[in-house]
Amino acid sequence: MGLREIIAAASDPAAVMGRVVTEALVLVPAADGAAIALCHDGGPLSCTVAAGTLDGFVGTELPRDWSLSGLAVQTGTVQRSSDATADPRVDAAASRALGVASTICVPLRRAEERICVLNVA
């Protein structure tokens, strides 16, 4: 890949998000899936890119008010759940359907604005 292609890929938000979820699975060997959900003007979070077992998560909307991902965005702090099927902050049915046992949600920022959340499970 030439320099022009590298620069173009680095400036494409979808390509960058795809790389982040793919690399998250490399950096966390115990993880089976990773996803990024974008924040939209105070509304629900929207999963736009995913890899591994969370690949079926793309297109899903997460409530900002009562989800672990929403809590991470609202507080600006990392949130984790050791048992995603029993934690009231996590959608147990979705966790079972996707095979998620535990998860960590990391809010991502641009300057001071929280723009999305990285979920690694």
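User: Which helix holds both Glu 23 and Arg 19?

Analyst: Happy to help! This is a predicted model, where local features need pLDDT of at least 70, side-chain atom pairs count only at pLDDT 80 or more, and totals for chains, interfaces and linings use all residues. Residues are numbered from 1 along each chain as its sequence is written, and side-chain values use heavy atoms, with hydrogens and water left out. Helices (H or I, at least four residues) are DSSP runs numbered from the N terminus. Glu 23 and Arg 19 sit four residues apart, about one turn, and both lie in helix 2 (residues 13-27).

User: What joins the side chains of Glu 23 and Arg 19?

Analyst: Side chains of opposite charge can pair when their charged atoms come close. The N to O distance here is 3.6 Å. A side-chain nitrogen of Lys or Arg within 4 Å of a carboxyl oxygen of Asp or Glu counts as a salt bridge. So Glu 23 and Arg 19 meet in a salt bridge.

User: Is Asp 87, the partner of Arg 89 in a salt bridge, buried or exposed?

Analyst: The closest N and O atoms of Arg 89 and Asp 87 are 2.7 Å apart. Buried means under 20% relative accessible area, exposed over 50%, and partly exposed in between (1.4 Å probe, protein chains only). Arg 89, at 29%, is partly exposed. Asp 87 has a relative accessible area of 13%, so Asp 87 is buried.

User: What is the relative accessibility of Ser 69?

Analyst: Ser 69 lies in helix 3 (residues 68-75). Ser 69 counts as buried, with a relative accessibility of 5%.

Terms used: Helices (H or I, at least four residues) and strands (E, at least two) are DSSP runs, numbered from the N terminus.
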